[in-house]
Each structure stands twice: as structure tokens, then as C-alpha cells.
Amino acid sequence: MGPELLGFAAAGICAYAADLGLFIWLRGPVGLDPLTAKALSFVAGCTVAYAGNALGTYRGERARVSRLRQYGIFFAVNIAGALVQLLCIAVSHYGLGLTSQRADTVSGAGIGMALATVLRFWGTRTLVFRTAGREASWTG
């Protein structure tokens with residue numbers, strides 16, 4: 001699982017860089033509103049992550065479904081990860097009353113990102129790039 005985890009992390013770092021870079025460019029020079037800019041950068045980041053995993057981390061895995069269907073499942077897994085991050089912020093900010101910018105950052109970019117990454121790793125390896133050997137097992 002070591003090389004798989006490293007490949008997944010490398011694809012994720014590249015995706016994060018693409019997401020952040022595009023968001024900054026769309027908000028700055030392009031002048032888009034923040035929600036549109038984030039939606040577009042999120043899709044770009046998901047695409048980079050999918051490509052990195054399909055062409056890198058899981059390149060040896062034989063696709064059991066079409067690449068388009070794989071991408072759709074991958075995108076859904078990433079939406080679920082984003083919702084986990086939002087839920088962490090909502091619980092911290094509104095449920096626990098921790099309303100500072102630091103608390104929001106810790107809950108969303110710290111705890112939320114960690115939990116979302118675990119979900120994304122699990123979803124990517126078991127739902128998107130599953131193989132016959134891993135199909136029956138959630139732990140691989």
C-alpha cells in the first residue's frame with residue numbers, strides 16, 4: 001500500500017496546486033465571483049487528480065467500467081470529501097460556537113481535510129479503481 005499511498009498523495013498535491021492556482025487566477029486577473037471561481041477550480045482540481053491517479057497511481061489496474069463513468073464516480077467521491085470539510089466547519093462554527101478565523105481554518109483545512117482525504121483515498125481505491133482482488137474487501 002506504500003507506493004499506492006504515495007502516488008495518491010502526489011496526485012492530490014498536483015490537484016491542490018491546480019485548484020489553488022486556477023482559483024487565484026480566476027478571482028484576480030479574470031475577475032470572477034468567488035463561488036464561480038471555486039466551482040471551476042474544483043472541477044479542474046478533480047480532473048488533475050483523476051488523471052494523476054488513472055495515468056499514475058492506478059495505471060496498472062484494468063478499468064472495469066468506461067473512463068467517463070470512472071471520472072463520474074471519482075467526481076462524486078470528491079464532492080463527498082468537500083461535504084465532509086463543510087460539515088466539519090459547520091459543526092465547529094455553528095454547533096460548538098468556535099467562530100474565529102483560526103477555528104474555521106483548523107476545522108475545515110485541518111480536521112476536515114484529514115477526514116476528507118481518508119474518504120477520498122478509500123473511495124478512489126475501492127469505488128473508482130477497484131480490481132477483482134480488492135472488490136470484495138474494503139481494506140485492500
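Is Lys38 buried, partly exposed or exposed, and what is its relative accessible area? In this predicted model, Lys38 counts as partly exposed because its relative accessible area is 37%, a value that lies between the 20% and 50% cut-offs. The legends below take up this residue and its surroundings, and then other parts of the helices.

**View 1. Asp19 and Lys38 form a salt bridge between helices H1 and H2.** The side chains of Asp19 and Lys38 meet at 2.7 Å, N to O, and the pair links distant parts of the chain, with Asp19 in helix H1 and Lys38 in helix H2, 19 residues apart. Asp19 has a relative accessible area of 12% and is therefore buried, whereas Lys38 is partly exposed at 37%. The side chain of Asp19 is also joined to that of Ser41 by a polar contact of 2.8 Å. Leaving aside residues up to four places away in sequence, Asp19 touches Lys38, Ser41, Phe42 and Gly45.

**View 2. A salt bridge joins Arg125 and Glu4.** The search of the whole structure finds two salt bridges, and in this one the side chains of Arg125 and Glu4 meet at 2.8 Å, N to O. The pair links distant parts of the chain, since Arg125 belongs to helix H4 and Glu4 to helix H1, and the two are 121 residues apart. Both Arg125 and Glu4 are buried.

**View 3. Helix H2 runs from residue 34 to residue 57 and packs with its buried residues against three helices.** At 1.5 Å a residue, the 24 residues of H2 should span 34 Å, and the end C-alpha atoms are 32 Å apart, which agrees with that expectation. At the N-terminal end, Asp33 caps the helix, with a side-chain oxygen 3.3 Å from the backbone nitrogen of Leu35. The buried residues of H2 include Ala37, Ser41, Phe42, Gly45 and Cys46, and further along the helix Ala49, Tyr50, Asn53 and Ala54. The partners against which these buried residues pack are helix H1 (2-27), helix H3 (67-95) and helix H4 (101-128).

**View 4. Phe74 is a buried residue of helix H3.** With 2% relative accessibility, Phe74 falls under the 20% cut-off and so counts as buried. Not counting residues up to four places away in sequence, Phe74 touches Cys46, Ala49, Tyr50 and Asn53, together with Thr124 and Val128. Phe74 and Cys46 are 28 residues apart in sequence, while their C-alpha atoms are 7.9 Å apart in space.

**View 5. Helix H3 is followed by Gly97.** H3 has 29 residues and reaches 40 Å from its first C-alpha to its last, close to the 42 Å expected at 1.5 Å a residue. Among the buried residues of H3 are Gln70, Val77, Asn78, Gly81 and Gln85, as well as Cys88, Ser92 and His93, and the buried residues of this helix pack against H2 and H4. Gly97, which follows the helix, has a positive phi near 75°.

**View 6. A nonpolar patch on the surface is formed by Leu87, Val91, Leu96 and Leu98.** Together these four residues have about 390 Å² of accessible area. Val91, which lies in helix H3, counts as partly exposed because its relative accessibility is 43%.

Methods. Residues numbered from 1 in each chain as written. Predicted model: local features only at pLDDT ≥ 70, side-chain atom pairs only at ≥ 80, totals over all residues. Heavy atoms only, no water. Helix = DSSP H or I, 4+ residues; strand = E, 2+ residues; numbered from the N terminus. Expected span 1.5 Å × (residues − 1). Buried < 20%, exposed > 50% of the residue type's maximum accessible area, 1.4 Å probe, protein only. Contact = heavy atoms within 4.5 Å. Polar contact = N/O pair within 3.5 Å; in protein donor to acceptor, adjacent residues only side chain to side chain. Patch = residues over 30% accessible without salt bridge, like charges linked within 9 Å, V, L, I, M, F, W, Y side chains within 5 Å. Areas by Shrake-Rupley, 256 points an atom, 1.4 Å probe, with all protein chains shown as cover.
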